[in-house]
2 protein chains.
Amino acid sequence: MDRILEIASSDLVAVAQPGVVVSHLQRAVEKEGLFYPPDPASSEFASLGGTVAECAGGLRGLKYGVTRDYILGLEAVLADGNILRTGCRALKSVTGYDLTRLFVGSEGTLAVFTEITCKLLPLPSCILTLLASFPAIEGGLDAASVVVASRLLPRALEYMDERCIRCVDDYGDAHFPPEAKSCLLVELDGFDEESLVRDAKKVERICRDQGALTLERAVDTKARDGLWAARRAISPSLYRMSAKKVNEDICVPRSKMSKMIREIQQIEREMGLPIVNFGHAGDGNIHVNVMVDKEEEMPRARDAVKRIFQRAVALGGTLSGEHGIGLAKASFLSIEVGERELETMKNIKALFDPTGILNPGKIFV
Amino acid sequence: MDRILEIASSDLVAVAQPGVVVSHLQRAVEKEGLFYPPDPASSEFASLGGTVAECAGGLRGLKYGVTRDYILGLEAVLADGNILRTGCRALKSVTGYDLTRLFVGSEGTLAVFTEITCKLLPLPSCILTLLASFPAIEGGLDAASVVVASRLLPRALEYMDERCIRCVDDYGDAHFPPEAKSCLLVELDGFDEESLVRDAKKVERICRDQGALTLERAVDTKARDGLWAARRAISPSLYRMSAKKVNEDICVPRSKMSKMIREIQQIEREMGLPIVNFGHAGDGNIHVNVMVDKEEEMPRARDAVKRIFQRAVALGGTLSGEHGIGLAKASFLSIEVGERELETMKNIKALFDPTGILNPGKIFV
């Protein structure tokens, strides 16, 4: 179940088995000048099927959307052993209910995928990466807001707070001054070098206007990898701070990001546990890490997480932008999803899987 | 139910009641420098709720996708009178099943929408429109394929065949030479005038390489409206040819468009009824019009349509790219949707509407 079955360049379509690793699919289509945009941080080991079941997001969501936007059709085995084929190879189809999107993000609880038809795009020929650091915690977020308000659409707009910066300080080629309290990694892509450079200059001006301490620009792959090394190192490097982290991924309306970060700081003070924030600033998607050293701190960490979820939902946001519910968040689902909505979802689950054999315990308590 | 409730610029979100006319929403958000991309030809009179129920496509699908891609959340009344709220205001959310996308395109058979939360984009500041005519029926399609293969992404890429051209010949400012057998209307948009002009030159070169007879370029609104007048006039002007038309909208994988057009010509010869083709060449979405003068030709027209559907599905395509199934295509649904898939959809219908009071007769025979 780990074979790429077809790459149809002229249709901009790939067909693959669910066991294919996302980065393998990405590299295979890139050889044909094509692009599979969904890019979760786990792309080097995540299976395509898993990312479809999860509706994975990733680093390019601002410009390119999420996994849902790139799945044209599915072959899936139902709980009763029957095989279902949804969608088609055409780019648009509205024949009956959208079973494809009902399955995407259903976390393996409705069906088991056996074949996945993906939409591809032409591979952008130019990429340009910028890294800016700021003296205030809001600096990176404010710069991100102005970038979006200025009608620039980078493919990545990654925020890191002060604690992240300190953790990744000596990874890769990123240089952060000791007074840096936030940073923003911006990646632009396209097919026209000149207009990309013009956009990069606009982003740099915005960062300077927001008081940037440092500004670095990478054009070639090696320099880009150097700047990205810090971003990629966040997750493992956080273990330098504490033995454990409770890692959530709330998403709020874009304009509410700074407010949400301030609320998280307030919860941090109340609960007495360090909280590290980074994430996809363009999408309003914050990766919140409550750091825990001792087992007895876990109930407090869970309480912090609950308060964070409550605040995110109160701001018009969601418990999870891209990680899904799984086991860990099942007991929190009702903070966001109402009684009637939950009952509707459970009815759909019962329709597809009356005896509960598909991924039991996931999503619903 | 026809009020725009909120336009939140900094979140790139609008909230509206379902009775709002699509073009009213478009104009209201444009005043704020924002953009609601879904643009069905019916946008001057279609209600937002109707286009969500239908998952309407339109003229900007190639670059911007369809209605589904711009709906973040819904408030809907169920058959039992209960109110359901799906999705949220954040750009990404994966909490439980994707009820929003299950409702989008469900043609009013699962719930009645009462409030719609839309995702917006920044309004492109530059638009440039081109019209090319070709001496062969494939000319416009071949040029469209090369445009897409050249990594250009126009917001519209509209094809018209010879019969369309003859019908709209004296509408607007479009000038077609008598030997024109197909034409292509290309619209580029963006935020950078220079790179747009560069792209326009590339498109023009492609059209010339494909043997274009004429090439017109419009920069200002008046000139653009002149070129679009022909495209907009297609539907009404076809009645000059015949008293009735059976209007379908198959969609095939992009590379199969020329083949599909040839198959339609074969069916035209077999059935002895004129068939006029136009559509969204970038998406593989062909508007097929079987022209009928007398009532007794209707069974033959239906037979022609059935054969066209069968061929579209055999090429990996679909009965409908954007019009949906409704009453007219319900009896054809099984050409594309298998027995098991149809049963699954009917089970979902029964779950939401056990007594069948919501839009009875639609989608399912």
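**Exercise 1. Find which strand β2 of chain B pairs with, and work outwards to the whole sheet.**

Strand β2 (residues 13-16) of chain B pairs with strand β6 (residues 112-119) of chain B, antiparallel, over 4 bridges. Keep in mind while you click around that this is a predicted model.

Step 1: pick one rung of that ladder. Start from B:Val13 and you land on B:Lys119, its bridge partner in β6(B).

Step 2: widen the view. The pair belongs to an open sheet of 5 strands in chain B, running β1-β2-β6-β4-β5 with antiparallel pairing. The edge positions go to β1 (4-8) and β5 of chain B; each has a single partner strand, so one side of each is left without a neighbour in the sheet. On average, neighbouring strands here are turned by 10° against each other, direction ignored.

Step 3: add the helix. Helix α1 (residues 22-30) of chain B lies across β1, β2 and β6 of chain B, at about 35° to β1(B).

**Exercise 2. Work out the strand order of the open sheet with 7 strands in chain B, and say which helix packs on that sheet.**

Step 1: read off the order. You should get β11-β8-β10-β9-β13-β14-β12, with antiparallel pairing.

Step 2: check the edges. β11 (214-218) and β12 (244-251) of chain B each have a single partner strand, so one side of each lacks a neighbour in the sheet. From one strand to the next, the twist averages 15°.

Step 3: zoom in on one pair. Strand β8 (residues 126-134) and strand β10 (residues 182-190) of chain B run antiparallel and share 9 bridges. Within that pair, B:Ser133 sits opposite B:Cys183 in β10(B).

Step 4: bring in the helix. That's α5 (residues 139-149) of chain B, which packs on the sheet and touches β8, β9 (156-161) and β10 of chain B. The direction of α5 makes about 30° with that of β10(B).

**Exercise 3. Describe the interface of chain B and chain A: how much area is buried, and which parts of chain B touch chain A?**

Step 1: count residues and area. On each side of the contact there are 79 residues: 79 of chain B against 79 of chain A. About 6,300 Å² is buried between the chains, with carbon and sulfur atoms giving 58% of that. B:Lys92, B:Tyr97 and B:Arg151 supply 16% of what chain B buries against chain A, more than any other three residues.

Step 2: tally the polar side. There are 31 residue pairs in polar contact between chain B and chain A, and 12 salt bridges cross the interface. For a concrete case, try A:Arg340 and B:Asp80, whose side chains meet in a salt bridge at 3.8 Å, N to O.

Step 3: map the contacts onto chain B. β5 (83-87), α4 (99-103), α7 (193-209), α11 (333-336) and α12 (339-352) of chain B each bring at least two residues to the side that touches chain A. The largest share comes from α12(B), with 9 residues. Sorted by class, that side of chain B has 31 nonpolar, 25 polar and 23 charged residues.

**Exercise 4. Which residue forms a salt bridge with A:Asp189, and where do the two sit?**

Step 1: the partner is A:Lys63, with the closest N and O atoms 2.8 Å apart.

Step 2: place both ends. A:Asp189 is in strand β10 (residues 182-190) of chain A and A:Lys63 in helix α3 (residues 61-64) of chain A; at 126 residues apart, the pair links distant parts of the chain.

Step 3: set this against the full tally. Over all chains, the whole structure holds 66 salt bridges.

Methods. Residues numbered from 1 in each chain as written. Chains lettered and ligands numbered in written order. Predicted model: local features only at pLDDT ≥ 70, side-chain atom pairs only at ≥ 80, totals over all residues. Heavy atoms only, no water. Pairing = 2+ DSSP bridges. Axes fitted to C-alpha atoms, helices over the stretch in contact; angles between N-to-C directions. Contact = heavy atoms within 4.5 Å. Buried area = accessible area lost by both parts, 1.4 Å probe. Salt bridge = Lys/Arg side-chain N within 4 Å of Asp/Glu carboxyl O. Polar contact = N/O pair within 3.5 Å; in protein donor to acceptor, adjacent residues only side chain to side chain. Nonpolar A, V, L, I, M, F, W, Y, C, P; charged D, E, K, R; others polar.
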